[in-house]
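Reader: I would like to see how the labels in a structure description are earned. Could you take me through them, one by one?

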Amino acid sequence: MARIIQVGNLPESVTSRVLRRLFEAHGAVRGVVINRHFETGRSTGVGFVEMELDEGGDAAIAALNHREHFGYILSVCRSEGSAIPNADHEPMFGPMNMTSDEVIENESAPQ
């Protein structure tokens, strides 16, 4: 079963590709989203990573939570619910002022 992970305290410079590489060291990654403010386009400092398996998600949380990456101490925890969009529908991210930084690097999305 897949594990959705919320990553907080991300610097603005981090892209979904960079975040994906960080998490791939702990297991297969299905998709990554970094939230951006709707009006300003600036990162909100929050991202979501969908790991292929719970074990990879648990390993990533244990290895990355409260550790320094990109010059910041990251907050990494399990996310309840689905934050990663799929190819069938548009993403929904909590408050209406949020959007993703780019269309997900999601293997299930058409290329």
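Author: Gladly, and burial comes first: a residue is buried under 20% relative accessible area, exposed over 50%, and partly exposed in between, with a 1.4 Å probe and protein chains only. This is a predicted model, where local features need pLDDT of at least 70 and side-chain atom pairs count only at pLDDT 80 or more, while totals for chains, interfaces and linings use all residues. Residues are numbered from 1 along each chain as its sequence is written, and side-chain values use heavy atoms, with hydrogens and water left out.

Reader: What makes Arg 3 buried or exposed?

Author: Arg 3 has a relative accessible area of 8%. Buried means under 20%, so Arg 3 is buried. Across the chain, 42% of the 111 residues count as buried.

Reader: How do you know which stretches are helices and which are strands?

Author: They are DSSP runs, numbered from the N terminus: H or I over at least four residues for a helix, E over at least two for a strand. On that basis the chain has two helices and seven strands, in the order β-α-β-β-α-β-β-β-β.

Reader: Why is the meeting of Asp 58 and Arg 3 called a salt bridge?

Author: The term asks for a side-chain nitrogen of Lys or Arg within 4 Å of a carboxyl oxygen of Asp or Glu. For Asp 58 and Arg 3 the N to O distance is 2.2 Å, so the pair meets the definition. Asp 58 lies in helix α2 and Arg 3 in strand β1, 55 residues apart, and the pair links distant parts of the chain. At 39% relative accessibility, Asp 58 counts as partly exposed. By this rule there are six salt bridges.

Reader: What separates Arg 20 and Glu 24, and how do they fit the same rule?

Author: They stand four residues apart in helix α1, which means about one helical turn between them. Their side chains meet at 3.6 Å, N to O, and the limit is 4 Å, so this is a salt bridge too. Arg 20, at 8%, counts as buried, whereas Glu 24, at 41%, is partly exposed.

Reader: And what makes Glu 50 and Arg 30 a salt bridge?

Author: Their distance is 3.2 Å, N to O, which the 4 Å rule admits. Glu 50 in strand β3 and Arg 30 in strand β2 are 20 residues apart, and this pair links distant parts of the chain. Glu 50 counts as buried at 12%; Arg 30 is partly exposed at 29%.

Reader: How do you know on which side of α1 the buried residues lie?

Author: In α1, Ser 16, Leu 19, Arg 20, Leu 22 and Phe 23 are buried. They cover an arc of only 160° around the axis, so they are on the same side of α1. The arc is that of the directions from the helix axis to the C-beta atoms.

Reader: What makes a group of residues a nonpolar core?

Author: The members must be buried Ala, Val, Leu, Ile, Met, Phe, Trp, Tyr or Cys, joined through side-chain atoms within 4.5 Å. The largest such core has 17 residues, and those touching the most other members include Ile 5, Leu 19, Phe 23 and Val 76. Among the elements giving two or more residues to this core are β1 (3-8), α1 (16-24) and α2 (54-64). In soluble globular proteins, nonpolar side chains tend to be buried together.
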